[in-house]
Amino acid sequence: MTSRVSAPDTPADIKLRSLLDGDPLQSFVMVAGAGSGKTTSLVKALDYVVMRHGSRLSARTQQIACITYTEVAAKEIHADVGNSPLVSVSTIHSFLWTLIKPFQKDIATWVHRHIEGAIQKIKEKQEEYTSRTREATVAKDASDLEKLRAQLRLSSEVERYSYGVGSDYAKGLLGHEDIITMVPDLILSSKLLRRIIASKYPYIFVDESQDTFPKVVEALKSVDSQAQGAICLGFFGDPMQNIFQRGVGSISEEPGWQRIDKPENFRSSQKVLGVINQVRSEGDGMVQRSGRPPEKQVAGELFFFVLPADEQRSQRLEHVRAWLTQHSSAGSWAADSANRGEGAKILMIVHRMVAKRMGFEHLYAAFHDSGSKSLKEAFDEGSAWPIRPFDDVILPICEAESVNSPTVIATLRRSGGLFNEETPDLDVRKRLTLARDAVAHVRRAVAEGGPGSVGKVLKLAMTANLIAPDPRLSAYIKPDGQHAEVVLTSETKNALDAFTACDIKELSAYFKYIRQQSPYSTQHGTKGAEFPKVVAVLDDEEGNYNLYSYEKLFGIKELSDNDKRNLSAGRDSVLERTRRLLYVCVSRAVESLAVVVFASDVAGAKLAIENSHITGGEKILTEADLASL
């Protein structure tokens with residue numbers, strides 16, 4: 001039994017258990033604040049269904065579906081329930097593909113319509129061209145149309161579609177975006193598919209529901225509606241932690257559903273919890289209370305700094321941490337001790353601020369300034385498909401002790417390249433020789449580095465067949481190669497142009513950051529994590545990100561006319577987005593929290609923050625206070 005399963009029950013857990021025993025089954029939304037143990041409630045619910053209803057489910061060859069955000073989370077949850085075969089835990093993409101994989105004719109029909117839609121969009125776009133813009137785009141349009149028509153022709157010959165990272169319809173390959181678009185559409189349009197899903201999965205639980213795509217939520221609700229009490233659809237999440245732009249946020253309860261609130265916070269000290277509640281008070285109003293037992297209750301520490309937003313930010317931040325190390329009772333806040341768990345985690349609003357400090361600024365710009373929203377988001381999450389070959393194969397074989405290291409061959413075997421291709425005239429010995437030579441070339445190129453080394457190394461690895469790249473990457477590097485019919489958008493091509501022009505050494509710094517091996521992170525990157533000491537850096541000017549504004553949230557800066565229109569229309573506004581981001585940020589702290597605000601008008605910012613009551617009466621420190629170091 002895991003610690004999650006055996007954790008003491010909260011009122012929310014007890015309420016949920018009674019609901020899981022209902023007849024007919026009843027669906028629900030659990031709203032669980034930061035540090036409440038949301039995943040613990042999910043695991044306890046899964047375990048209870050297995051214990052209580054496992055025999056019935058097994059006799060009917062049914063399973064409990066649990067949908068979560070990452071592969072890592074899926075493995076952890078499955079292990080928590082003893083890897084029970086009755087529980088199917090997967091990411092949303094994997095779950096949707098499992099549902100639709102047997103329906104190959106429906107997939108083929110969708111692909112055909114999807115390609116036709118892409119062709120029609122180009123034709124409609126051409127009608128809007130002016131004489132000035134037509135000449136510059138007509139050649140690319142002609143090329144894209146030719147590729148799409150080739151896809152349409154060749155896709156009709158595909159016998160079976162499979163799911164990978166990227167799309168190549170002519171080769172029968174579907175990508176992540178296809179799955180998340182196609183499957184909800186097919187569920188919503190097919191009564192039969194909805195009935196099959198309900199029959200296979202009488203219990204469907206969705207973790208991190210606030211980050212689930214709206215169309216997926218709509219599709220799952222349609223399954224529940226048609227089932228009429230034959231399934232239990234449960235959403236576990238927190239709208240205040242919705243910080244990904246594509247997430248649905250709040251899940252509305254349908255008639256007959258239950259809402260279960262879980263307001264406990266088992267993570268944070270009293271002073272940190274006070275800040276959490278103050279931030280949330282202007283959101284959905286949930287007041288969190290400490291879930292710690294009396295003997296583990298601690299006051300904790302809270303510090304607020306308002307400092308000038310000038311060119312000395314980095315130096316001032318180091319000064320703050322030195323001051324905290326001397327005046328805090330929590331020990332060292334220094335950067336060099338963060339990897340040993342002693343220093344503070346520094347949270348910033350966007351990755352660009354960290355990229356400057358850690359040395360991957362050009363890499364950041366390649367994905368953020370190209371215009372590709374999906375690549376930008378994937379880069380922030382550490383899952384961008386152009387980067388995967390470096391993470392999975394190239395950097396690991398370069399970090400090995402030598403070209404003869406067993407880890408090199410093991411990595412290449414997993415990569416789907418040289419050792420997995422069907423080439424009868426290449427025996428094992430010849431493959432090993434080719435692999436060693438190719439790896440040696442790649443290792444030298446990586447060691448040399450320099451501008452453009454990302455593209456150079458990528459071409460070397462692809463030419464030697466050390467990697468099996470995404471079809472889009474293959475189409476970019478080898479336009480006349482195996483995936484010649486793949487259409488790259490101008491935004492994707494811009495990103496790849498800038499990416500391949502980068503120094504490969506920036507990738508090492510980026511991966512160190514993404515893997516939490518540095519003191520720095522962002523609120524996005526640490527969602528779900530916790531740290532004993534947190535320094536939250538709030539800096540609108542350096543963030544340069546219009547989606548968020550701490551100065552507007554605190555009333556330091558006036559709202560724009562567009563902000564006011566969004567607020568009056570009830571649309572998601574800069575205030576709500578920033579409030580959610582700040583909530584996620586401050587709620588990462590376990591014992592001690594320091595908030596550092598960089599502002600052009602220090603006196604005005606200090607007054608506005610005092611009036612917001614977020615400090616809980618703590619003194620706001622300025623540059624003059626740091627002089628006491």
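Which residues have the most contacts inside the largest nonpolar core? They are Phe305, Phe360, Phe390, Leu507 and Val535, in a core of 73 residues. Here a nonpolar core is a set of buried Ala, Val, Leu, Ile, Met, Phe, Trp, Tyr and Cys residues joined through side-chain atoms within 4.5 Å. Buried means under 20% relative accessible area, exposed over 50%, and partly exposed in between, with a 1.4 Å probe and protein chains only.

A word on ground rules before we go on. This is a predicted model, in which local features need pLDDT of at least 70 and side-chain atom pairs count only at pLDDT 80 or more, while totals for chains, interfaces and linings use all residues. Residues are numbered from 1 along each chain as its sequence is written, and side-chain values use heavy atoms, leaving out hydrogens and water.

**The cores**

Let us start with Phe305. Leaving aside neighbours within four places in sequence, Phe305 is in contact (heavy atoms within 4.5 Å) with Val320, Trp323, Leu324, Ala594, Val595, Val596, Val597, Leu621 and Leu626. Apart from the largest core lies another, of 48 residues, with Val29, Phe95, Val111 and Val183 among them.

**Overall build**

The protein has 27 helices and 16 strands, taken as DSSP runs numbered from the N terminus (helices H or I, at least four residues; strands E, at least two). Its radius of gyration is 26 Å, which agrees with the value near 25 Å for a compact globule of 629 residues; the radius is taken over C-alpha atoms, and the globule rule is 2.2 Å times the number of residues to the power 0.38. Along the principal axes, the C-alpha atoms fill a box of roughly 75 × 65 × 60 Å. Buried residues make up 53% of the 629. Among contacts between residues at least 6 apart in sequence, 75% join residues at least 24 apart.

**The annotated site**

An unreviewed UniProt entry lists Ala32, Gly33, Ala34, Gly35, Ser36, Gly37, Lys38 and Thr39 under "binding site". UniProt positions follow the numbering used here, feature names are shortened, and annotations may be inferred rather than shown by experiment. Ala32 is found in strand β1 (residues 28-32) and is buried, with a relative accessible area of 0%. Leaving out neighbours within four places in sequence, Ala32 is in contact with Lys38, Gly237, Asp238, Gln241 and Lys262. Thr39 lies in helix α2 (residues 38-59) and counts as buried at 18% relative accessibility. Not counting residues up to four places away in sequence, Thr39 touches Arg4, Ile77 and Asp207.

**Backbone details**

A cis peptide bond joins Asp23 and Pro24, with omega about 5°; Pro24 is found in the loop between α1 (11-20) and β1. Some positive phi values are worth a look too:

| Residue | Phi | Location |
|---|---|---|
| Thr61 | near 50° | loop between α2 and β2 (64-68) |
| Asn83 | about 55° | loop between α3 (71-80) and β3 (87-91) |
| Asn465 | about 60° | just after α18 |

Thr61 counts as exposed at 60% relative accessibility, whereas Asn83 counts as partly exposed at 47%. In helix α18 (residues 453-463), the buried residues are Ser453, Val454, Gly455, Val457, Leu458, Ala461 and Met462.

**Cysteines**

How many disulfides does a search of the whole structure find? The search finds zero, a disulfide being a pair of cysteine sulfur atoms within 2.5 Å. For Cys502, the nearest cysteine sulfur, that of Cys398, is 17 Å away. Cys502 is buried, with a relative accessible area of 3%, and Cys585 is buried at 0%.
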